[in-house]
Amino acid sequence: MAEFRESIDIDAAPETVFAYLTTDAGMQAWMGQHAELNPTPGGTFAVDIAGHPVRGTYLHVEHPSRVVVSWGFAGSDDLPAGASTVEFLLTAIGTGTRVDLCHSNLPDAEVRGHANGWANFLPRLAVVGAGGNAGSDDWVPLTECAQGWQMRKDVIMTHDNAYAVVKKYHYAWTNGDVNGAMNYVADDITCQAPGVDLDGKVAYREFISGFAPQLTGIGKIAEFVDKDRVALFYYPQTASTSTTPAAELFTIRDGKISESILIFDRLSYGRPEQS
């Protein structure tokens with residue numbers, strides 16, 4: 001058996017975060033479409049996540065610092081209901097609460113999928129815990145078999161939710177899912193790009209839609225995070241070019257990309273001049 005550990009800082013008091021682990025409405029705000037919770041030792045822990053029925057019981061509840069539940073999937077042979085253990089430790093820090101998560105008693109084959117699942121949901125907990133709206137969740141299991149959590153995209157976990165938003169956005173559009181990418185863009189986004197200034201999601205979407213079909217891959221990426229700003233440096237690969245570098249600086253407000261500065265050599269993507 002193996003375990004997965006992660007931690008995240010939330011701009012809220014432990015008492016506030018605790019409610020999102022022990023109430024039906026609180027749980028549904030960041031994880032799952034339905035929840036039935038009885039936060040007492042031996043009480044029901046039932047959350048439906050993307051069609052997967054997570055079932056277990058509350059093992060330990062200490063307000064407002066510790067919640068432990070058993071965790072598994074109803075009908076699963078690989079990870080049956082209640083077969084693993086999830087522990088949340090809530091510690092008051094200067095900026096709010098640090099949440100330390102430990103998911104233990106996992107079969108080795110389940111670790112990667114559950115790590116990816118928590119990478120999606122913990123940033124959502126940070127948003128709602130701080131008083132924001134995490135919005136609709138686009139997490140979808142890679143398969144419908146009960147072999148643990150598999151994400152259709154590899155979201156990298158971070159303590160800074162702005163980074164998680166940008167990574168989800170960037171993964172979506174660079175894989176041709178422009179509609180999915182727009183879930184992370186504010187309606188009033190402004191963008192400065194080579195040769196054009198864009199105002200609003202409609203114009204921004206049109207701009208991205210014109211380039212996304214040309215993309216055949218993404219080269220090496222460097223990333224920098226400064227609170228609500230995230231910078232990406234990478235090499236877009238198309239049928240005509242694979243060496244032109246690109247840089248984007250994003251500003252995140254209320255869980256959405258509100259500003260973008262995009263730099264690349266636009267001449268590299270134009271049609272070759274006829275001699």
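**Close-up 1. Arg 124, a buried residue of helix α3.** Arg 124 has a relative accessible area of 8%, so it counts as buried, the cut-off being under 20%. The model shown here is predicted. Arg 124 sits in helix α3. Neighbours within four places in sequence are left aside in the contact list that follows. Arg 124 then touches Ala 29 and Trp 30. It also touches Ala 134, Gly 135, Ser 136 and Asp 137.

**Close-up 2. Packing of helix α1 against helix α3.** Helix α1 covers residues 14-22, and helix α3 covers residues 108-129. The two pack at an angle of about 125°. Their axes lie 10 Å apart. The angle makes α1 oblique to α3. The crossing of α1 and α3 is right-handed. On the α1 side, the contact involves Thr 16, Tyr 20 and Leu 21. On the α3 side, Leu 125, Val 128 and Gly 129 meet them. By class, the residues of this contact are four nonpolar and two polar, with no charged residue.

**Close-up 3. Thr 174 in helix α4.** Helix α4 spans residues 161-174, and Thr 174 belongs to it. Thr 174 has 17% relative accessibility and therefore counts as buried. Its contacts, leaving aside neighbours within four places in sequence, are Leu 215 and Ile 218. Pro 213 is 39 residues from Thr 174 along the chain. The C-alpha atoms of Thr 174 and Pro 213 are separated by 9.0 Å.

**Close-up 4. Pro 245 in the loop between β13 and β14.** Strand β13 covers 236-238 and strand β14 covers 246-253. Pro 245 lies in the loop between them. Pro 245 counts as partly exposed because its relative accessibility is 48%, and partly exposed residues fall between the 20% and 50% cut-offs. Tyr 235 is ten residues away from Pro 245 along the chain. The C-alpha atoms of Pro 245 and Tyr 235 are separated by 4.6 Å.

**Overview. The whole protein, as context for the close-ups.** The protein contains six helices and 15 strands. Of its 275 residues, 48% are buried. Consider contacts between residues at least 6 apart in sequence: 46% of these join residues at least 24 apart. The exposed area is about 13200 Å². Carbon and sulfur atoms supply 50% of that area.

Terms used: Residues numbered from 1 in each chain as written. Predicted model: local features only at pLDDT ≥ 70, side-chain atom pairs only at ≥ 80, totals over all residues. Heavy atoms only, no water. Helix = DSSP H or I, 4+ residues; strand = E, 2+ residues; numbered from the N terminus. Buried < 20%, exposed > 50% of the residue type's maximum accessible area, 1.4 Å probe, protein only. Contact = heavy atoms within 4.5 Å. Areas by Shrake-Rupley, 256 points an atom, 1.4 Å probe, with all protein chains shown as cover. Axes fitted to C-alpha atoms, helices over the stretch in contact; angles between N-to-C directions. Parallel < 35°, antiparallel > 145°, perpendicular 65-115°, else oblique. Left-handed = near helix turned anticlockwise from the far one by under 90°. Nonpolar A, V, L, I, M, F, W, Y, C, P; charged D, E, K, R; others polar.
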